[in-house]
Amino acid sequence: MFDTLLTLMLVTSAQAGHVHEHGHGRVAIAVTGDGQVEAEFEIPGDSVYGFEHAPRTSEERAIVQRANALLSDPAVLLRFNDRAGCVATGAALNGHEDSGGSSHQDDGHPDDDDEDEAHAGDNHHGGGHSEVTVTVSFQCEHPNRIAIVGTNLFARFPRIEDIEGVLVTDSAQAAFAWTPRDMEYRLTR
Ligand SMILES: [Zn+2]
């Protein structure tokens with residue numbers, strides 16, 4: 001069900017004219033009546049790594065490693081008011097890999113010239129841009145007490161200027177925007 005919701009929301013925002021713009025991220029958040037929360041973030045690679053090519057140097061690999069560790073931390077991505085009793089249940093990142101950007105396993109066959117094909121899963125677009133996708137999930141003990149949905153991304157990634165969001169619950173749907181000055185969305189009930 002989450003997959004359907006998130007796909008729907010991402011398609012909707014794509015139709016609304018989304019283009020890859022540095023500094024601008026997106027998030028779709030779904031909350032079910034029994035308290036499951038799933039959120040999918042899409043953020044330009046430039047905004048989290050400072051570059052969008054696969055890391056080439058050890059310095060770039062270190063940057064990617066640090067950024068990916070932060071992006072895999074549910075507490076950096078999403079937070080709720082305490083009374084909702086939300087506990088992180090997982091996070092999955094699809095971004096650059098600090099091993100050098102290749103997404104294939106080293107399964108013994110020698111490096112050959114299908115490097116480009118091997119990178120097909122890295123979210124690289126034709127223009128050399130890349131997008132980082134992170135999915136994070138929580139289980140909330142009291143979903144009806146969720147009053148604030150916020151993020152700590154701006155403190156960690158100063159290149160992010162804003163994040164446009166969609167929040168869907170079983171009874172409501174809302175659009176919002178997080179900025180460094182307003183990192184909390186307050187639900188009205
Ligand atoms: Zn870009």
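Mentor: One term before we start: two strands pair if DSSP finds at least two bridges between them. Keep in mind, too, that this is a predicted model.

Trainee: Okay, then how many bridges pair β3 with strand β6?
Mentor: β3 covers residues 79-80, and β6 covers residues 148-150. One bridge partnership links Arg79 to Gly150 in β6. The two strands pair in the antiparallel sense, and the count meets the cut-off of at least two bridges. The number of bridges is 2.

Trainee: Which strands are the edges of the open sheet that contains β3?
Mentor: That sheet has 3 strands with antiparallel pairing, in the order β3-β6-β9. An edge strand here pairs on one side only. That gives you β3 (79-80) and β9 (184-186).

Trainee: What is the lowest mean pLDDT among the elements of the chain?
Mentor: The chain as a whole averages 84, and 75% of the residues score at least 70. Over residues 100-126, though, the pLDDT is below 50, and this stretch has 28 contacts in the model beyond near neighbours in sequence. Helix α6 (residues 153-156) has the highest mean, 98. At the bottom sits helix α5 (residues 115-118), with a mean of 42.

Trainee: Where do the buried residues of α3 sit around the axis, on the same side or on opposite sides?
Mentor: Helix α3 runs over residues 58-71 and reaches 20 Å from its first C-alpha to its last, close to the 20 Å expected. Its buried residues are Val64, Ala67 and Leu71. An α-helix has 3.6 residues a turn, so residues three or four places apart point the same way. The buried residues of α3 cover an arc of only 70°, which puts them on the same side.

Trainee: And which residues of α3 are exposed on the other side?
Mentor: Start from the buried face: what covers it includes α2 (45-49), β4 (86-94) and β5 (131-140). Turn to the other side of α3 and you find the exposed residues Ser58, Glu59, Ala62 and Ala69.

Trainee: How many residues does the largest nonpolar core have?
Mentor: Elements that each supply at least two residues to this core include β1 (24-31), β2 (36-44), α2, α3 and β7 (162-168). Those with the most contacts inside it are Ile29, Val37, Ala39, Leu77, Val134, Cys140 and Val149. Leaving out residues up to four places away in sequence, Leu77 touches Ala39, Phe41, Ala91, Val134, Val136, Thr151 and Leu153. The residue count for the core is 34.

Trainee: How many of the residues of β2 are buried?
Mentor: Look at what flanks the strand: β2 pairs with β1 in the antiparallel sense over 6 bridges, and 9 bridges join β2 to β5, again antiparallel. Ala28 stands opposite Glu40 on the one hand, and Ile43 has Val132 as its bridge partner in β5 on the other. The strand is largely enclosed by the rest of the structure because the number of its 9 residues that are buried is 8.

Trainee: Is Asp34 buried or exposed?
Mentor: Asp34 lies in the loop between β1 and β2. That hairpin has 4 residues between the strands, and Gly35 there takes a positive phi near 95°. Asp34 has 9 other C-beta atoms within 10 Å, and the cut-off is 12 or fewer, so the answer is exposed.

Trainee: How far apart in space are Asp34 and Asp170?
Mentor: For context, a hairpin joins β7 to β8 through 4 residues. Those two strands run antiparallel and are joined by 6 bridges. In sequence, Asp34 and Asp170 are 136 residues apart. C-alpha to C-alpha, the separation is 9.7 Å.

Trainee: What separates the C-alpha atoms of Phe138 and Val87?
Mentor: Phe138 is in strand β5, and it is buried because 26 other C-beta atoms lie within 10 Å, against a cut-off of 20 or more. Not counting residues up to four places away in sequence, the residues that Phe138 touches include Val37, Pro74, Leu78, Cys86 and Val87. Phe138 and Val87 are 51 residues apart along the chain, yet their C-alpha atoms are separated by 5.3 Å.

Note on methods
Residues are numbered from 1 along each chain as its sequence is written. This is a predicted model: local features need pLDDT of at least 70, side-chain atom pairs count only at pLDDT 80 or more; totals for chains, interfaces and linings use all residues. The expected span of a helix is 1.5 Å times one less than its number of residues. The arc is that of the directions from the helix axis to the C-beta atoms. Two residues are in contact if their C-beta atoms, placed from the backbone, lie within 7 Å. pLDDT is the predictor's confidence in each residue, from 0 to 100. A nonpolar core is a set of buried Ala, Val, Leu, Ile, Met, Phe, Trp, Tyr and Cys residues joined through C-beta atoms within 7 Å.
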